[in-house]
Amino acid sequence: RLTMATPRRHGCMLCAEVVMCIFLVIAPLSTAIGVNYGTKGDNLPSPAKVAAFLVTRTNIDRVKLFDTNPDIVRAFAGTGISVMVTAGNGDIPGLATQTGADSWVATNIAPYYPATDISLVAVGNEIMDTADKNLIGNLVPAMQTLKAALVTAGYGKIRVSTPSSLGILVDAQPPSAARFRDVWDVAIFTPMLQFLRKTKSPLIVNTYPYFGYNGDTLPYALARPNPGVLDTGTGITYTSMLEAQLDSVYSAMKKLGFEDVEILVGETGWPTKAMDGQIGVSPAEAAEYNKYLIGEVSSGSGTPLMPKRKFETYIFALFNEDLKPGPVAERNFGMFQPDFTPMYDIGIMKDPVSMYMHCP
């Protein structure tokens with residue numbers, strides 16, 4: 001794609017005065033990339049600077065937010081970047097009522113849409129892992145009522161879903177044996193998948209080979225050349241842990257009759273730093289995983305059980321977040337330093353070349 005900015009000429013083609021003509025040549029867009037934009041840091045740039053950086057310097061065309069921070073949502077207005085916003089876990093009981101859902105839409109969507117291209121509302125984050133019966137019981141009703149509120153307000157194009165970890169599965173390996181957890185399969189995921197199918201929205205899963213590897217399986221997790229892992233149920237040998245994880249989700253959905261519902265990868269990534277002595281964690285491995293991920297997603301090759309299927313995917317994360325609790329790795333998944341310096345090169349930066357020409 002070639003973008004050129006040239007001065008408008010009036011009358012004679014020759015300049016009466018010296019006019020500088022600036023041609024901005026931007027390298028072709030390689031692929032669409034999504035990224036999680038978390039804000040648990042005390043050294044992060046302003047939302048306006050972040051939005052401008054993503055537009056002008058990167059090929060990132062979509063972001064996933066963990067809230068509906070007005071400053072951040074507003075910063076992406078008019079940028080062409082699509083935004084996934086998140087309704088907080090604590091909002092779920094209220095969203096399960098029509099009054100609550102209507103009020104939430106009026107407060108968190110109406111002031112910004114469509115200037116900001118809000119593509120999806122995530123209802124909570126990994127609710128099934130909370131063990132909170134009130135949140136779990138209200139999750140699907142909240143999704144249904146929120147969608148109705150969006151339609152009523154004239155925002156029917158905005159999708160509604162909820163991100164889940166792979167903890168929603170049992171017998172996840174081999175992939176062909178995977179199924180949703182007992183009770184949840186009927187009480188939660190059957191009506192959720194019915195809703196997602198009806199509204200043409202994706203099931204969001206957070207897939208992290210990083211959390212499933214050890215020293216012996218590092219090549220499998222990073223999709224390096226490796227002997228592979230045989231699924232005796234299908235005869236397929238997997239050489240990529242990510243593909244195996246996605247096919248596990250697909251198998252669980254198929255057992256309930258919903259294999260046609262799309263899968264969206266809400267989070268996946270690899271840290272640049274972890275506990276001292278942990279094998280397989282450095283900027284080099286983070287670059288290796290994310291470069292593989294981008295190639296896999298952009299190729300459209302799909303997985304063994306989902307050939308040629310494309311997955312909307314969001315890398316975790318945009319920045320390191322120094323205020324996050326937990327292990328060292330939790331604070332070190334960022335692709336960029338706070339001053340926008342890349343932590344590693346995975347081919348997502350635009351390479352502008354400015355050429356200055358002077359008219360006589």
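This report covers aromatic pairs, cavities and salt bridges in a predicted model.

**Aromatic rings**

The count of aromatic pairs comes to 20. One of them joins Tyr-37 and Phe-319. Their ring centres lie 6.3 Å apart and their planes meet at 70°, so this pair is edge-to-face. Planes over 60 degrees apart earn that label. The two residues come from distant parts of the chain, 282 residues apart. Tyr-37 sits in strand S2 (residues 33–37). Phe-319 sits in the loop between strand S14 (313–315) and strand S15 (353–358). Both Tyr-37 and Phe-319 are buried.

Tyr-208 and Phe-211 make another pair. Here the ring centres are 5.0 Å apart and the planes stand at 65°, so this pair is edge-to-face too. Tyr-208 has a relative accessible area of 11%, so it is buried. Tyr-208 and Phe-211 also belong to one aromatic cluster. Its other members are Phe-66, Tyr-210, Tyr-213, Trp-270, Tyr-289, Tyr-292, Phe-316 and Phe-333.

**Cavities**

The whole structure holds three cavities of 30 Å³ or more. The largest has a volume of about 100 Å³. It is lined by 13 residues. Closest to its centre are Leu-242, Leu-246, Glu-296, Val-297 and Phe-311. Helix H8 (241–255) and helix H9 (283–299) each supply at least two lining residues. By type, the lining of the largest cavity has six nonpolar, four polar and three charged residues.

**Salt bridges**

A search of the whole structure finds 10 salt bridges. The table gives three of them, with the distance between N and O atoms.

| Salt bridge | N to O distance |
|---|---|
| Asp-182 and Arg-179 | 2.7 Å |
| Arg-224 and Glu-288 | 2.7 Å |
| Lys-324 and Glu-330 | 3.6 Å |

How exposed are the partners? Asp-182 has 52% relative accessibility, so it counts as exposed. Arg-179, at 30%, counts as partly exposed.

Arg-224 lies in the loop between helix H7 (218–221) and strand S11 (229–231), and Glu-288 lies in helix H9, so their bridge ties together parts 64 residues apart in sequence. Arg-224 is partly exposed, at 27% relative accessibility. Glu-288 is partly exposed as well, with a relative accessible area of 27%. Helix H9 also helps line the largest cavity.

Lys-324 is buried, with a relative accessible area of 15%. Its partner Glu-330 is partly exposed, at 23%.

Salt bridges also link residues into a network. Its members are Asp-61, Arg-62, Arg-159 and Glu-312.

Technical notes:
Residues are numbered from 1 along each chain as its sequence is written. This is a predicted model: local features need pLDDT of at least 70, side-chain atom pairs count only at pLDDT 80 or more; totals for chains, interfaces and linings use all residues. Side-chain values use heavy atoms; hydrogens and water are left out. Rings of Phe, Tyr and Trp (its six-membered ring) pair if their centres lie within 6.5 Å; planes under 30 degrees apart count as stacked, over 60 as edge-to-face and the rest as tilted. Helices (H or I, at least four residues) and strands (E, at least two) are DSSP runs, numbered from the N terminus. Buried means under 20% relative accessible area, exposed over 50%, partly exposed in between (1.4 Å probe, protein chains only). On a 1 Å grid over the protein atoms alone, a cavity is a set of points where a 1.4 Å probe fits but cannot get out, and a pocket is an open set with protein on both sides within 12 Å along at least five of seven lines; lining residues have an atom within 4 Å of a point. Grid points are joined across faces, edges and corners, and a volume is the space filled by probe spheres set on the points. Ala, Val, Leu, Ile, Met, Phe, Trp, Tyr, Cys and Pro count as nonpolar, Asp, Glu, Lys and Arg as charged, and the others, Gly among them, as polar. A salt bridge is a side-chain nitrogen of Lys or Arg within 4 Å of a carboxyl oxygen of Asp or Glu.
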